[in-house]
Every structure is written in C-alpha cells, then in structure tokens.
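The following exercises are to be worked through with the sequence and the structure at hand. Each task is followed by a solution in steps.

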Amino acid sequence: MRLALAEGFQRDVKGLAQTQRPSVFEAILALPRALGDPHLHAGLGIRKLHASGIWEARVGLGLRMVFTLEPQLLTLVRVGGHDEIRRYLRQL
C-alpha cells in the first residue's frame, strides 16, 4: 500500500510540538499494517467518520489523524487535536 501526505497534513505536522512528531511518525508506519489486523486496528482506534470515505486514527491521547483509503493508496489528510479535527470535518 502506498502512502500520500496531503499538503494540509504536512502543514499540521510542522505545527506540532517536537515531542508529538515521533508519535505521529509511529502511527503512520503502523497504519497500513493495522488496517489488515483487527488487534492492531483496535490500538489505533481506527474508525470511519464520514460517508465519503474519511477515516480517523488515534495518535496518543490528544492527537487524531484523518485519512482517506483507496484500494492501494492511503492519503493522510490532517492531524491535530480533537477540536481541530471536528472543525475540519464540519467543513466537508
């Protein structure tokens, strides 16, 4: 599976604290494997958020990643706190 990073995701990561970035990186690496394994899936808290194919994964307690999923492409769209992600989803 290929990974793509949307511009918004890249901006969000640059805006994170240095201490949060390793957690995001670990979640990015774990995400493709977790999609095929329910036990790993539960650890990331992956869930479908929107009928248009928007998904969410937890990155620790305070961060969430939003992504889209196509047959061979996982596109990371946004990363941020719960409130930031809710604001993004309201815009859809």
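**Exercise 1.** Determine in which strand E56 lies, and decide whether E56 is buried or exposed.

*Solution.* The model under study is a predicted one.
Step 1. Locating E56 along the chain places this residue in strand β3.
Step 2. The relative accessible area of E56 is 5%.
Step 3. A residue counts as buried under 20% relative accessible area. E56 is therefore buried, its value being 5%.
Step 4. The surroundings of E56 are then listed, leaving aside neighbours within four places in sequence: the residues in contact with E56 are G45, I46, R47, L49, R64, M65, F67 and I85.

**Exercise 2.** Describe how strand β3 and strand β4 are arranged with respect to each other.

*Solution.*
Step 1. Strand β3 covers residues 54-59, and strand β4 covers residues 63-70.
Step 2. The two strands pair in the antiparallel sense, with six bridges between them. Within this pairing, I54 is found opposite T68 of β4.
Step 3. The connection between β3 and β4 makes a hairpin, with three residues between the strands. In its turn, G60 has a positive phi of about 75°.

**Exercise 3.** Identify how β4 is joined to strand β5, and establish how many residues of β4 are buried.

*Solution.*
Step 1. Strand β5 comprises residues 73-80 and pairs with β4 in the antiparallel sense over seven bridges. V66 stands opposite R78 in β5.
Step 2. The link from β4 to β5 is a hairpin through two residues.
Step 3. β4 thus pairs with β3 and also with β5.
Step 4. Of the eight residues of β4, six are buried, and the strand is mostly covered.

**Exercise 4.** Place these strands in the chain as a whole, and state whether its radius of gyration agrees with that of a compact globule.

*Solution.*
Step 1. The chain contains four helices and five strands. Read from the N terminus, their order is β-α-α-α-β-β-β-β-α.
Step 2. For 92 residues, a compact globule would have a radius of gyration near 12 Å; because the chain has 12 Å, the two agree.
Step 3. The C-alpha trace spans about 30 × 30 × 20 Å along its principal axes.
Step 4. Buried residues make up 37% of the 92 in the chain. Of the contacts between residues at least 6 apart in sequence, 40% join residues at least 24 apart.
Step 5. The chain exposes about 5800 Å², of which carbon and sulfur atoms supply 53%.

Definitions and conventions
Residues numbered from 1 in each chain as written. Predicted model: local features only at pLDDT ≥ 70, side-chain atom pairs only at ≥ 80, totals over all residues. Heavy atoms only, no water. Buried < 20%, exposed > 50% of the residue type's maximum accessible area, 1.4 Å probe, protein only. Pairing = 2+ DSSP bridges. Contact = heavy atoms within 4.5 Å. Rg over C-alpha atoms; globule rule 2.2 N^0.38 Å. Areas by Shrake-Rupley, 256 points an atom, 1.4 Å probe, with all protein chains shown as cover.
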